[in-house]
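Let's take a walk through this model together, going from one aromatic corner outward. Have the structure open in your viewer as you read.

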Amino acid sequence: MEIKKMTMEGNDFLGEETSHYVDRYERMLRSRGREFFEPEAIELIADHYISHDKLKKALEVVLFGLDMYPNHIGLWIKKAEVHIYAEKFEKALVELEKAELYEPFNPDILLLKGEVHVALNRMNEAELCFEKALQHGDDRNDLLFEIGFIYQDYDYFAQAAYWFEMLIQESKLDQAYYEAAGCYDIIGNYQKAADLLNELINRDPYNATAWYNLGLMQSKLNRPQEAIESFDLCLAIDEDYSIAHFNKANCLVELDKFEEALGVYAEVVKMEGGDSITFCNMGGCYERLGNNLAAREHYKKASKINPNLAEAWFGIGLSYDRENYPKEALQYFRRAVLLEPEHAEYLLVLAEIEYRLGDTREADILYQRLCDLDPGMMEAWLDRSYVAYQEKDLLLAIQYLNEALSYDGLCHQYYYRLCAYHYENGELQTALQCLTAALKLNPADVFLLFNFKPDLAQDPAIRYTIESFGDSSQI
């Protein structure tokens with residue numbers, strides 16, 4: 001979800017001031033001298049190192065400061081912060097409890113102490129710290145935000161949403177709505193997120209960002225038409241909201257309105273120049289419309305912008321394969337698999353085309369990878385057994401499907417195929433047993449047997465077995 005971020009004033013000045021102190025401190029280290037720094041300067045230098053993930057240097061500068069100001073509570077707090085970033089929570093707690101003895105009502109200490117308890121999954125202790133901070137802090141709204149952000153940072157999104165909703169009840173701040181909705185989005189409660197955004201829209205009907213985020217939630221709730229209406233309202237307020245165009249086009253694709261989607265994607269390209277994902281999505285639309293040349297053109301544009309986008313290479317391969325150019329398609333499918341070696345669809349298509357081009361050994365290696373990757377993938381087992389069947393190795397084809405049944409013994413497709421294999425291998429009784437098992441699981445799909453081997457419909461034993469289940473209409 002797109003979230004509006006709160007801004008802080010005076011960042012430019014603080015940045016210059018911090019850079020000055022950092023330069024002074026590092027010159028001092030290089031000269032191996034010793035200079036005087038105010039405690040506040042030490043804290044700014046430590047913050048600089050923390051922001052650059054140089055925690056060892058941050059701790060060193062805090063210890064340098066404590067050597068000059070051993071009783072400065074602000075430096076004890078900063079030392080605790082460094083320990084928190086380094087995930088040394090018990091050490092942080094020691095510093096905070098020492099500071100708390102001197103300033104028991106300091107909300108900064110209480111917030112950090114609560115954060116440590118959250119990190120250690122001590123939720124009751126954390127709540128006590130946060131409630132105490134709220135009792136003694138000056139700006140309740142800021143504190144509620146901070147508490148919510150702490151829970152977010154440690155992936156406790158339901159708890160974070162609770163505090164953001166408390167802020168909504170007390171202040172009705174837009175940012176609180178976005179943060180709470182964002183938490184519900186992450187935990188998959190899209191309806192609750194949508195309800196909050198609707199509440200915000202009722203207060204502020206011309207809030208383009210709220211309409212946009214509502215459209216995202218409606219899309220995730222599988223309501224593409226409602227989502228399109230929300231994106232349209234967002235764009236009516238702010239026609240330059242390009243990401244709303246993009247997501248509207250995605251919803252049109254879900255509704256199979258490919259030509260209309262292409263027009264909206266074209267608007268995105270006009271506004272932003274086009275990126276790999278947009279061109280790839282446009283390729284998909286042209287593909288669904290049967291325009292292979294245009295599909296390939298857009299997939300190639302996507303691959304040129306982002307050579308690591310496997311979907312684009314796969315799309316190019318599909319466009320060639322649909323035109324019966326499997327040799328040309330092969331290199332693109334291989335590139336897609338190279339980029340995403342565990343993508344099941346890419347592996348399956350590559351295995352099929354390797355077999356069609358005569359490389360049975362490579363096809364079997366790919367099917368083996370697929371079956372190892374996802375032993376429950378029916379298509380991989382069926383295709384692998386079919387390759388063995390086509391190579392006149394019925395026993396191997398049967399072996400593969402028996403292995404598949406060890407992972408999914410309720411797959412009726414396996415039994416129908418095994419019926420055909422055993423029948424062709426001269427094992428009528430075993431074939432009938434497999435047919436019976438398949439019919440018990442799903443009699444309506446008996447056509448799968450005859451699609452694979454039509455002449456079985458003439459066998460009296462096969463006919464009798466099917467009729468015993470009360471359906472002879474598909475024989």
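**A walk through the model**

Tyr25, Phe37, Tyr49 and Phe64 come together as one aromatic cluster. Keep in mind that what you're looking at is a predicted model. Across the structure there are 26 aromatic pairs. Take tyrosine 25 and tyrosine 49: their ring centres sit 6.4 Å apart with the planes at 65 degrees, and since anything over 60 counts that way, the pair is edge-to-face. Tyrosine 25 belongs to helix α1 and tyrosine 49 to helix α2 (residues 39-51), so the pair ties together parts that are 24 residues apart in sequence. Both tyrosine 25 and tyrosine 49 are buried.

How far can you trust the coordinates? The chain averages a pLDDT of 94, and 96% of the residues score at least 70. Confidence is highest in helix α13 (residues 224-237), at 98, and lowest in helix α1 (residues 11-31), at a mean of 83. Over residues 2-13 the pLDDT is below 50, though this stretch still has 18 contacts in the model beyond near neighbours in sequence. Where pLDDT is low, predicted coordinates shouldn't be read in detail.

Now for the interior. As a rule, nonpolar side chains in soluble globular proteins tend to be buried together. Here, the largest nonpolar core has 128 residues, and Phe130, Tyr151 and Leu449 are the ones that touch the most other members. Which residues does phenylalanine 130 contact, once you set aside its neighbours within four places in sequence? They are Leu111, Gly114, Glu115, Val118, Ile147, Ile150, Tyr151 and Trp163. Apart from the largest core lies another one of 34 residues, with Tyr49, Val61, Tyr69 and Leu93 among them. So tyrosine 49 turns up again: it is in the aromatic cluster as well as in this other core.

Helix α11 makes a nice worked example. It runs over residues 190-203, and at 1.5 Å a residue its 14 residues should span 20 Å; the end C-alpha atoms are 20 Å apart, which agrees. Its buried residues are Ala193, Ala194, Leu196, Leu197, Leu200 and Ile201. Those residues cover an arc of only 160 degrees around the axis, which puts them on the same side of α11. What do they pack against? The buried residues of α11 pack against α9 (157-171), α10 (174-186) and α12 (208-220).

Finally, drop in on a few loops. Aspartate 155 sits between α8 (140-153) and α9, and its phi is near 65 degrees, a positive value in a residue other than glycine. With 55% relative accessibility, aspartate 155 counts as exposed, because the cut-off is over 50%. Lysine 392, in the loop between α22 (378-390) and α23 (394-407), also isn't a glycine, yet it has a positive phi of about 65 degrees. Lysine 392 is exposed, with a relative accessible area of 75%.

Is lysine 453, in the loop between α26 (447-452) and α27 (460-467), buried or exposed? At 13% relative accessibility it falls under the 20% limit, so lysine 453 counts as buried. Leaving aside neighbours within four places in sequence, lysine 453 is in contact with Ala420, Tyr423 and Glu424.

Methods. Residues are numbered from 1 along each chain as its sequence is written. This is a predicted model: local features need pLDDT of at least 70, side-chain atom pairs count only at pLDDT 80 or more; totals for chains, interfaces and linings use all residues. Side-chain values use heavy atoms; hydrogens and water are left out. Helices (H or I, at least four residues) and strands (E, at least two) are DSSP runs, numbered from the N terminus. The expected span of a helix is 1.5 Å times one less than its number of residues. Buried means under 20% relative accessible area, exposed over 50%, partly exposed in between (1.4 Å probe, protein chains only). The arc is that of the directions from the helix axis to the C-beta atoms. Contact means heavy atoms within 4.5 Å. pLDDT is the predictor's confidence in each residue, from 0 to 100. A nonpolar core is a set of buried Ala, Val, Leu, Ile, Met, Phe, Trp, Tyr and Cys residues joined through side-chain atoms within 4.5 Å. Rings of Phe, Tyr and Trp (its six-membered ring) pair if their centres lie within 6.5 Å; planes under 30 degrees apart count as stacked, over 60 as edge-to-face and the rest as tilted.
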